[in-house]
Structure formats: structure tokens, C-alpha cells
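Biologist: Please show me the model, and then we can go through the ligand site and one helix residue.

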Amino acid sequence: MKFFIDTADVNEIREAKRLHFLDGVTTNPTLIAKVKKPFWDVVKSILAEVPDKPVSLEVASTDAEGMIKEGEKLAELGKNVVIKIPMTPEGLKAVSYFESKGIKTNVTLIFSPAQALLAMKVGASYISPFVGRLDDISHAGMDLIRQIKQIKDNYNFKSEIIVASVRNPVHVIESAMIGADIATIPYSVIAQLTKHPLTDIGLERFLKDWESVPEKPF
Ligand code: G3P
């Protein structure tokens, strides 16, 4: 299972790299806006940090023609750039265009199995179902991942499932149990994944007991 980080903050990307957890980066307009720096500066610094792993950059147009223009500009920044496109009929046209040119796409804002099926059918390299936002409206987000995984396996679609809108470690573990290809995880959740209170208590005890060992080698 691959771990992507869901951020536009280059410091968080650096930290995730140090933990050897990083297989890719996903951004969206909200995450880019949070950094409060010019768009091209943000994007270039992300790509400088991650030159060899997929980096999803989202288009802002709503018509296929506009998405294609923006996506082509973004794709010039590097071979690892993945064009992130919203799940709309216009978006699907743009996906099919980019994939036919060998440019990878990530279809975002997927909330139903039908949307996922269409995105897989037009050949998206990645699809991003949002689990947290479904949980927020009292729909079981992870059920969507189970449904999409079954559809993908039934027809051997090549699209990789990126579990997005991840809010907690349970989302990550369930994704792994279902067999999702990727989870894109905010840095705060990556940090939580390493933690368990019994690990902290156990370590404290080991260190205390170690103090009483005679002639310690280190
Ligand atoms: O990048 C898309 C997705 O992960 C957004 O998450 O927390 O804004 O629902 P969230």
C-alpha cells in the first residue's frame, strides 16, 4: 500500500520523507491557498522536493477546454506531475484527452461508486474517493471504498484507488484491509499512525530499568 501526503506545505513533505513514508503528494486548491504563497512558487518547491514521485496538481477550470489548457501547462513542470481533475462530465473529457497523451490524471471529488466506475472506464490513472466528507454527512465513507474495490477487481480496471479526505488512523487501516492502492494522508494523521500510549509507557519503563543494569555497554 502506498502512502501519499495530502498537503501543499513543503515542510510537511520534508518531514514525511524523513520518515520514509512518502510515495507521492496530492494537493488541491484549498491546500494551496493555506500556504499563502504565489501558486508557481508553491508548486515548484513541492516538485523540487519530490522530483521522482507522483504529485497531483489540480486544475481550476470547469470546462474541458480550460482544464486541458491548464493541465498542459502543469504537465510541463515535470514527468511526475499528475493532473487532478474534478469528477464532472467535462472533467471526464479532459481525463480521456490527457490519458491518450500519456499524461496521468487523478479524478477527484468522487462520492459514489457510479462516479468511480465512470472515471475508471475513461482510463484515469488514479481515482480519489473522499471518505471523511461522506462520514461528515453520516454516510459510511469506507463502504464506498469497498464498493469501488470490488468494481475495480471485477473488471481489472487499471486505475489506482487513492483513499482521500482521510481524517484518522482508522481510515488508513481500513483502507489497507480493503486493499486500496493508496491513502493520501494529512501530516497530522501520519504522525498519529506512529503512536500508541502503551509504546510510550513501555519505552519509559525500559529506559528506567536500563538505568539499574550494572556495567552497561552503552
Ligand atoms: O485532497 C483531497 C482530500 O483529501 C481533501 O480532504 O479533509 O478536505 O475532506 P478534506
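The questions below deal with the ligand and then with a serine.

Modeller: This is a predicted model, in which local features need pLDDT of at least 70, side-chain atom pairs count only at pLDDT 80 or more, and totals for chains, interfaces and linings use all residues. Residues are numbered from 1 along each chain as its sequence is written, and side-chain values use heavy atoms, with hydrogens and water left out.

Biologist: Which residues are around the ligand?

Modeller: A residue belongs here if one of its heavy atoms lies within 4 Å of the ligand. By class, the shell has two nonpolar, two polar and four charged residues; Asp, Glu, Lys and Arg count as charged, Ala and Phe are among the nonpolar, and Ser and Asn fall under the others, the polar ones. The residues are Asp6, Asn28, Lys84, Phe130, Arg133, Ala164, Ser165 and Arg167.

Biologist: How far is an oxygen atom of the ligand from an N or O atom in the side chain of aspartate 6?

Modeller: A polar contact is a pair of N or O atoms within 3.5 Å. Asparagine 28 has a polar side-chain atom 3.1 Å from a ligand oxygen, and arginine 167 has one at 2.8 Å. For aspartate 6 the distance is 2.5 Å.

Biologist: Is serine 175 buried or exposed?

Modeller: Serine 175 lies in helix α9, residues 169–178, where a helix is a DSSP run (H or I) of at least four residues. Its side chain reaches the backbone oxygen of histidine 171 at 2.6 Å. Buried means under 20% relative accessible area with a 1.4 Å probe, protein chains only, and exposed over 50%. Serine 175 has 0%, so this residue is buried.

Terms used: Polar contact = N/O pair within 3.5 Å; in protein donor to acceptor, adjacent residues only side chain to side chain. Helix = DSSP H or I, 4+ residues; strand = E, 2+ residues; numbered from the N terminus.
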